[in-house]
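Visitor: I'm new to this one. Can you walk me through it?
Guide: Sure. Here it comes.

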Amino acid sequence: LLRALEMNEVLRARAQASQVFALLTGRDSVSLPADAYLTADGARLHREGGRTVVSAEAVPAEVAYALAIVKAGDYLLRARIAGPAGSPVTAEILPVSSGGTGAVVTFASPTKLDWVYGGASHLDPGAYQAQFLLPPGSSLARIEIAPPCLSPIEPPGGWRATGVTTDEDLAV
């Protein structure tokens with residue numbers, strides 16, 4: 001299913017079946033820790049207050065995370081960030097393929113690590129990268145994307161790790 005939706009690159013090779021099912025269901029928020037990034041440029045990974053965080057030192061840092069969207073809708077992006085006052089963190093959500101549109105989200109940085117909502121952005125199905133631009137002195141501990149209320153992509157009765165997909169399941 002992930003290959004058919006062109007999203008198999010979103011999950012790492014070590015992904016568990018439960019992670020694949022959660023992605024396809026699309027009804028739960030996806031929460032990624034700071035160290036689950038795809039790429040990072042100018043960022044330093046370290047522990048802060050019992051958490052792993054990505055920080056920008058003297059220069060801005062860019063950190064990209066993989067996101068998969070299975071149904072179109074308005075998705076809410078939030079991040080656990082900290083930074084100097086007046087230095088917002090921005091995230092650009094870009095489709096991995098050349099087609100489609102993305103979104104830009106701006107977060108006002110609190111001085112201590114805290115959750116900040118970036119607002120809702122309309123996203124169509126596909127694989128995306130959320131590219132965060134951290135100004136100098138900023139930190140990122142976790143990101144989360146919450147789906148709108150949608151009907152999930154799953155067989156009747158939900159996903160079962162040992163279940164066999166039937167023709168009836170595919171028809172649904």
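**A first look**

Guide: Of the protein's 172 residues, 37% count as buried (under 20% relative accessible area with a 1.4 Å probe, protein chains only). This is a predicted model, where local features need pLDDT of at least 70, side-chain atom pairs count only at pLDDT 80 or more, and totals for chains, interfaces and linings use all residues. Residues are numbered from 1 along each chain as its sequence is written, and side-chain values use heavy atoms, with hydrogens and water left out.

Visitor: How many helices and strands are there in the protein?
Guide: Two helices and 11 strands. Helices are DSSP runs of H or I with at least four residues; strands are runs of E with at least two, and both are numbered from the N terminus.

Visitor: Which strand does β3 pair with over six bridges?
Guide: Strand β4, residues 51-56, in the antiparallel sense. Pairing takes at least two DSSP bridges between two strands. Alanine 43 stands opposite alanine 56 in β4.

Visitor: What's in the turn of that hairpin?
Guide: Two residues lie between β3 and β4. Glycine 49 in the turn has a positive phi of about 60 degrees.

Visitor: And what does β4 do with β11?
Guide: They pair in the antiparallel sense over two bridges. Serine 55 stands opposite serine 139 in β11.

Visitor: New topic. Is arginine 80 buried or exposed?
Guide: Buried, with a relative accessible area of 16%. Arginine 80 lies in strand β6, residues 73-82.

Visitor: What does arginine 80 touch?
Guide: Leaving out residues up to four places away in sequence, its contacts (heavy atoms within 4.5 Å) include Arg51, Trp115 and Ser139.

Notes: Buried means under 20% relative accessible area, exposed over 50%, partly exposed in between (1.4 Å probe, protein chains only).
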